[in-house]
Amino acid sequence: MTVFILAEAVAARLREMGFLARTIQIYVRDRTLESFERQQRLGEPTCLASVLTRVSMELFRASYDWQQHGGIRSVGVRAADLVTAGDYRQLSVWAEENRRQEALERTVEDLRRRYGHFVVQRGLM
């Protein structure tokens, strides 16, 4: 759940500032204060929270060993290698789906600005 919240915040800031991210980075610190960072370059720049979350979780699952590290003290999600959203738009098979997802995320951000952060929440099973 924490990664979802972090990814949504990063995606909102990217859209607000008019950027797309080409690289997603995660930062993890365990209970012994040992930390590491991992990053992955994306095939196509994005500002979608769903993509940031998916990539962040893939990086985390591939890198974190619960047996070795135990509990997590802190985690962070970061966007890097930014490009201006207006300058970069590559056509893809998923372009229409991405536009719909971005419109949905912008609508949720607008509702949260108007009525408070908890007016719309992500459901997890």
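## Q&A on a predicted fold: sheet, helices and salt bridges

Serine 56 is found in helix 2. The model is predicted.

User: Is serine 56 buried or exposed?
Analyst: The relative accessible area of serine 56 comes out at 2%. The cut-off for buried is under 20%. So serine 56 counts as buried.

User: Which residues is serine 56 in contact with, leaving aside neighbours within four places in sequence?
Analyst: Serine 56 sits in helix 2. Once its neighbours within four places in sequence are set aside, the contacts of serine 56 are Val3, Ile24, Ile26 and Val77.

User: What does helix 2 pack on, and what angle does its direction make with that of strand 2?
Analyst: Helix 2 covers residues 49–63 and packs on the sheet. It touches strand 1, strand 2 and strand 3. Its direction and that of strand 2 make an angle of about 140°.

User: Let's get to the sheet. In what order do the three strands come?
Analyst: The sheet is open and its pairing is antiparallel. Strand 2 and strand 3 are the edge strands, each pairing on one side only. From one strand to the next, the twist averages 20°. The order is 2-1-3.

User: How many bridges join strand 1 to strand 3?
Analyst: Strand 1 spans residues 19–30 and runs antiparallel to strand 3. One facing pair is tyrosine 27 and, in strand 3, glycine 76. The number of bridges joining strand 1 to strand 3 is 11.

User: And where does helix 1 go; what angle does its direction make with that of strand 3?
Analyst: Helix 1 packs on the sheet too, touching strand 1, strand 2 and strand 3. The angle between its direction and that of strand 3 is about 25°.

User: Over how many bridges do strand 1 and strand 2 pair?
Analyst: These two strands pair in the antiparallel sense. Valine 28, for instance, has phenylalanine 36 in strand 2 as its bridge partner. Strand 1 and strand 2 also form a hairpin, with four residues between them. Their bridges number eight.

User: Which residue in the turn of that hairpin has a positive phi?
Analyst: Most residues other than glycine have a negative phi. In the loop between strand 1 and strand 2, one residue goes the other way, with a phi near 70° and no glycine to account for it. That residue is leucine 33.

User: What about aspartate 81: what is its phi?
Analyst: Aspartate 81 has its place in strand 3. It is partly exposed, at 33% relative accessibility. Its phi is positive although aspartate 81 is not a glycine, with a value of about 55°.

User: Which residue meets aspartate 81 in a salt bridge?
Analyst: The partner lies in strand 2, so the pair ties together parts that are 40 residues apart in sequence. The N to O distance is 2.3 Å. At 52% relative accessibility the partner counts as exposed. It is arginine 41.

User: How far apart in sequence are arginine 78 and glutamate 37?
Analyst: Their side chains meet in a salt bridge at 3.0 Å, N to O. Arginine 78 belongs to strand 3 (residues 72–84), glutamate 37 to strand 2 (residues 35–46). Both are partly exposed, arginine 78 at 36% and glutamate 37 at 45%. The separation is 41 residues.

User: Which residue forms a salt bridge with glutamate 8?
Analyst: Glutamate 8 lies in helix 1 (residues 2–17), and its partner lies in helix 4 (residues 95–115), 104 residues apart. Glutamate 8 is buried, at 17% relative accessible area, and the partner is buried as well, at 15%. The closest N and O atoms are 3.2 Å apart, and the partner is arginine 112.

User: How many salt bridges does a search of the whole structure find?
Analyst: The pairs discussed above include glutamate 8 with arginine 112 and arginine 41 with aspartate 81. Over the whole structure, the search finds seven.

User: Last one, on the surface: which residues make the nonpolar patch of about 290 Å²?
Analyst: One member is methionine 17, which lies in helix 1. Methionine 17 counts as exposed, at 58% relative accessibility. The patch is made by Met17, Phe19 and Leu82.

Key:
Residues are numbered from 1 along each chain as its sequence is written. This is a predicted model: local features need pLDDT of at least 70, side-chain atom pairs count only at pLDDT 80 or more; totals for chains, interfaces and linings use all residues. Side-chain values use heavy atoms; hydrogens and water are left out. A salt bridge is a side-chain nitrogen of Lys or Arg within 4 Å of a carboxyl oxygen of Asp or Glu. Buried means under 20% relative accessible area, exposed over 50%, partly exposed in between (1.4 Å probe, protein chains only). Patches are made of residues with over 30% relative accessible area and no salt bridge: like charges are joined within 9 Å, nonpolar side chains (Val, Leu, Ile, Met, Phe, Trp, Tyr) within 5 Å. Accessible areas come from the Shrake-Rupley method with a 1.4 Å probe; for residues, only the protein chains shown count as cover. Two strands pair if DSSP finds at least two bridges between them. Axes are lines fitted to C-alpha atoms, for helices over the stretch in contact, and angles run from 0 to 180 degrees between N-to-C directions. Contact means heavy atoms within 4.5 Å.
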